[in-house]
Amino acid sequence: MATVTTTAAQQRSIESNILSRQQRSLWQDAFWRLRRNKAAMVGIVIIALASFCAIFAGFIAPYEPTAINTAKNNMDPLFVGGKYTDSSYILGSDQLGRDILSRLIWSSRISMVVGLVPTLLVFTMGASLGMFAGYFGGWIDNLLMRFTDIIYAFPDLLFVIIIMATLRNTWLGDLMGGLILIFVALAVVSWVGLARLVRGQVLSLKEKEFIEAARATGVPTTRIMFRHLFPNALAPVIVSAAFAIPGAMLSESVLSFIGIGIRPPTATWGVMINEGFVVFSQSPWPVLLPAVCISIVMLAFTFLGDGLRDALDPRMKI
Amino acid sequence: MPDLLEVKDLKTQFFTRDGVVHAVDGVSFELAAGETLGIVGESGCGKSVTALSLMRLIPMPPGRIVAGSIMFDGQDVLKMDDDDVRAIRGHNIAMIFQDPMTSLNPVLTISRQISEALELHMKMDKSEAKKRTIELLEMVNIPSAKKRADDYPHQFSGGMRQRVMIAMALSCNPKLILADEPTTALDVTIQAQILDLLKNLAREFRTAFILITHDLGVVAGMTQRIHVMYGGQIVEKADTNELFANPKMPYTWGLLRSIPRLDESRKAKLLPIEGLPPDLIAPPPGCRFEPRCQYRREICSQQVPELKHIPNSKPDHEARCFGTQEGGWLTSTDWRRDVGSLEQLEAIKAEVADLPPEVKRVEAAGELPPPPSA
């Protein structure tokens, strides 16, 4: 006969089960939700692959990205077939006979760096300015936010183009083949959005009782800002960073495509499209392949950003 | 023995677009070490602002403490620089907030939040602070404190969070705890537990505390003395038993009349205080309670009554009412029998009912100082 009563031992184990249940923080919860999002996971896998290519480009790429072989120029990729293919050029070669696959792999390195570094700069600048403005309020807020408004008023791409065009031939433009200048230009135009976002968050958070409680405990101002306020404002910041990375990559490609970004011969997807355009009527592949790469990586980051937004939204408790 | 806390003529005002809100208007009181004090009054009468002023936590702007002195342990809190005040907060004076649901930071673990004060004020290192945190959690009866210490606030129930708040307040052995409506957000059974805990711990550690509440029932068993506040002023001071047995201010009578009593016949009606609390931007010229008082006379709207000793009462019993003071017309009134002029009461009721709804709303909003803590 089945009994519904539990023994004392069972009871104890149930209790201890409850108490020893795995503790999950907000972030662990969010990660768990992220893992259930298929699109976001696909995005993560693609980003991981791209990062792998970027880090180990030297080992994976069959050729040097700048190795020229004019005898074998304008080869089609192997999957196209036909007589203009060469088994040693899997994705074909461009008009100078450089291996497209190798160039794509090396380009991913630039793209990843251009995606991450300006975003990091934006993150630090925007978050700290926004936090100061929001927390202190008053004239500091006014000053910082009017400054932000001024920057915001410029059309983004135009501003970047102006910066690049004017500073390209100075010492700053020469650092690391123009990379540093790109970082700076992209960061300068895009920190404003983040500053506004963080300020808005801080404005609402600083009125919360737990901040008052922290002040009543005698916590110093900087510690309140960085330890109590910032982690609470982090979720939307992460989401916007996830969307900012592909934005920066795309901007780099656009700049390189119109010829004021990274200087050739350094391979980037934008540079490749720019150079491939010349021979587009003979072979579309030097343009199409880097374009596909850009699209895939952009899509991956967008998936991840969407997934993060859903995962970090507390109202989405599943 | 010198007083631990001596507040003299404290005036806190909020400078808003609509005018100056006299949220706290000349409050004076003192508190000995280990003593317990209740501050009672309805919403918007300046209780919380008083408490926040004591720790200099009034948001500036729009708020400002314009006059008075707060002597804590021989030092004037109002004259200290910011670092000294910060050293006092959480260390010598601790505060328990009203809503435990929102007073804990959702992204930090319980132990990190309690350790914070220990690391800041007691200069403990991480492991010491952790050990002490667990002790504190055990002291406030959190089951399996060691495991729960690394939980996040959302994993705790309301009562447990308020215990955590108490543990936080006690962490540095403060001399004074300010409890601002500590049980308002909790249900009744938990209220009793929390109050008991607070009382016992305060007694054990000889901590003085000020209990701020709108609920006379809460202070009844908790504190030695009670101060009743109305419209930014203290209107009656007495020790707890005296206040309940022999109240001497029509406002206190009104508060007591509006509490249901177990020993009253079922048919007896509760008598509310009619009217609206005073607009603290332009308070009534005379007694602040005069517009709502059914015992009022002409003098009440012309002169401001002082907080004075009342005849027929204990020596430390003071009230701010012309009627009950020496030579007044209410000195021998039994508040339980004589509810005052009922016509007056009806008139006040009618007056409020006649007001267009917008005015009522504006007045109700004006009576609240801009929210410092809610």
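**Notes on a helical chain and its partner**

1. Let's start where two helices meet. From α3(A), the residues A:Ala50, A:Ser51, A:Cys53 and A:Ala54 are in contact with A:Ile105, A:Ser108, A:Arg109 and A:Met112 of α5(A). Sorted by class, that contact is made of five nonpolar residues, two polar ones and one charged. Keep in mind as you read on that this is a predicted model.

2. How do the two helices cross? The axes of α3 (residues 38–55) and α5 (residues 100–136) of chain A come within 7 Å, at a crossing angle of roughly 105 degrees. Angles of 65 to 115 degrees count as roughly perpendicular, so that is the label for α3(A) and α5(A).

3. Now step back to the whole chain. Chain A has 13 helices and zero strands, so if you scroll along looking for a strand by the cut-offs used here, you won't find one. Of the 318 residues in chain A, 41% are buried. As for contacts with a separation of 6 or more, 70% of them in chain A join residues 24 or more positions apart.

4. Just past α5, have a look at A:Gly137, which sits in the loop between α5 and α6 (138–153) of chain A. Is A:Gly137 buried, exposed or partly exposed? It has 16 C-beta neighbours inside 10 Å, and so counts as partly exposed. A:Gly137 also pairs up in space with A:Leu203: the two are 66 residues apart in sequence, yet their C-alpha atoms are 8.4 Å apart.

5. Helix α11 of chain A (residues 221–257) deserves a closer look. It has 37 residues, and a straight helix would reach 54 Å at 1.5 Å a residue, but the end C-alpha atoms of α11 are only 47 Å apart. Where does α11(A) bend? At A:Phe230, by about 55 degrees, with a proline, A:Pro231, following within four residues. Just after α11(A) comes A:Gly259, with a positive phi of about 90 degrees.

6. Last, the contact between the chains. Chain A puts in 19 residues and chain B 26 residues. On the side of chain A that touches chain B, the elements giving two or more residues are α10 (209–216) and the α11 just described. α10(A) gives the most to that side, with six residues. By class, the residues on the chain A side are eight nonpolar, seven polar and four charged.

Key: Residues numbered from 1 in each chain as written. Chains lettered and ligands numbered in written order. Predicted model: local features only at pLDDT ≥ 70, side-chain atom pairs only at ≥ 80, totals over all residues. Expected span 1.5 Å × (residues − 1). Bend = angle between axes of the 7 residues up to and from the residue. Contact = placed C-beta atoms within 7 Å. Nonpolar A, V, L, I, M, F, W, Y, C, P; charged D, E, K, R; others polar. Axes fitted to C-alpha atoms, helices over the stretch in contact; angles between N-to-C directions. Parallel < 35°, antiparallel > 145°, perpendicular 65-115°, else oblique. Buried ≥ 20, exposed ≤ 12 C-beta atoms within 10 Å, placed from the backbone.
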